[in-house]
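Grab a coffee and have the viewer open. Here are some exercises to work through, each with a solution in steps.

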Amino acid sequence: QVQLVESGGGLVQPGGSLRLSCAAAGFIFNQYDMNWYRQAPGKERELVAFIENVGRRKNYSDSVKGRFFISRDNAKKMVYLQMNNLKPEDTAVYYCNARNAWHEHWGQGTQVTVSS
């Protein structure tokens with residue numbers, strides 16, 4: 001059974017940090033590029049960060065570049081999103097996504113709230 005399970009969300013003050021984790025199961029993890037998306041209330045889901053299947057190539061949205069960092073551990077079937085200097089506009093549900101040329105999988109999401 002394919003599973004992507006996010007964890008690590010929560011409430012944090014502006015300027016703080018969080019590390020999101022995504023645990024994968026049920027598919028060949030190193031054959032998939034991994035993405036983090038987010039969706040704020042009333043807004044469309046947006047791509048935040050990308051890491052290719054072997055981890056060499058990474059991309060970030062302009063809104064998080066220099067503050068967020070994506071990484072993966074193929075042996076553990078995990079992908080991470082380190083989020084630093086968080087801002088209120090980072091408040092959203094964050095989703096883990098696995099994609100290759102043939103299949104796509106989504107997690108259920110984890111809420112991140114940035115507020116004082």
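What follows is a short note on the model, then the exercises.

This is a predicted model, where local features need pLDDT of at least 70, side-chain atom pairs count only at pLDDT 80 or more, and totals for chains, interfaces and linings use all residues. Residues are numbered from 1 along each chain as its sequence is written, and side-chain values use heavy atoms, with hydrogens and water left out.

**Exercise 1. The overall picture**

Work out what secondary structure the protein has, and how its radius of gyration compares with that of a compact globule.

Step 1: Count the elements. You should get zero helices and 11 strands; here helices (H or I, at least four residues) and strands (E, at least two) are DSSP runs, numbered from the N terminus.

Step 2: Check the overall dimensions. The C-alpha trace spans about 40 × 25 × 25 Å along its principal axes. For 116 residues a compact globule would have a radius of gyration near 13 Å, and the protein agrees, with 13 Å. That radius is taken over C-alpha atoms, and the globule rule is 2.2 Å times the number of residues to the power 0.38.

Step 3: See how much is covered. Buried residues make up 41% of the 116, where buried means under 20% relative accessible area, exposed over 50%, and partly exposed in between (1.4 Å probe, protein chains only).

Step 4: Look at the contacts (heavy atoms within 4.5 Å). Of those between residues at least 6 apart in sequence, 52% join residues at least 24 apart.

**Exercise 2. The four-stranded sheet**

Find the order of the strands in the open sheet of four, and explain why β1 and β7 each have one side without a neighbour in the sheet.

Step 1: Trace the pairing, which needs at least two DSSP bridges between two strands. The order is β1-β3-β8-β7, with antiparallel pairing.

Step 2: Go to the edges. β1 (3-7) and β7 (68-73) each have a single partner strand, so one side of each is left without a neighbour in the sheet.

Step 3: Check the twist. On average, neighbouring strands of this sheet are turned by 15 degrees against each other, direction ignored. For such angles, axes are lines fitted to C-alpha atoms, for helices over the stretch in contact, and angles run from 0 to 180 degrees between N-to-C directions.

Step 4: Zoom in on one pair. Strand β3 (residues 18-25) and strand β8 (residues 78-83) run antiparallel and are joined by six bridges; L20 stands opposite L81 in β8.

**Exercise 3. Strand β11 and its partners**

Which residues of β11 lie on its covered face, and which on the uncovered one?

Step 1: Read along residues 110-114. T110, V112 and V114 form the covered face of β11, while Q111 and T113 form the uncovered one.

Step 2: Take the parallel partner. Three bridges join β11 to strand β2 (residues 10-12), and the two run parallel. V12 has V114 as its bridge partner in β11.

Step 3: Now the antiparallel one. Strand β9 (residues 92-99) is also joined to β11 by three bridges, running antiparallel, and A92 stands opposite V112.

**Exercise 4. The core**

Which residues of the largest nonpolar core touch the most other members?

Step 1: Pin down the term. A nonpolar core is a set of buried Ala, Val, Leu, Ile, Met, Phe, Trp, Tyr and Cys residues joined through side-chain atoms within 4.5 Å.

Step 2: Rank the members. Of the 28 residues, M34, W36, V79, L81, M83 and Y94 touch the most others. The elements giving two or more residues to this core are β3, β4 (33-39), β5 (46-51), β7, β8, β9 and β11.

Step 3: Follow Y94. Leaving aside neighbours within four places in sequence, its contacts include L20, W36, F68, L81, M83 and V112.

Step 4: Compare with N35, which sits in strand β4. N35 counts as buried at 3% relative accessibility. Beyond four places in sequence, its contacts include L47, F50, Y95 and C96.

**Exercise 5. Odd spots in the loops**

Where are K77 and N85?

Step 1: K77 is in the loop between β7 and β8. Its phi is positive, about 55 degrees, although K77 is not a glycine. K77 counts as partly exposed, at 35% relative accessibility.

Step 2: N85 is in the loop between β8 and β9. N85 is not a glycine either, yet has a positive phi of about 45 degrees, and counts as partly exposed at 43%.
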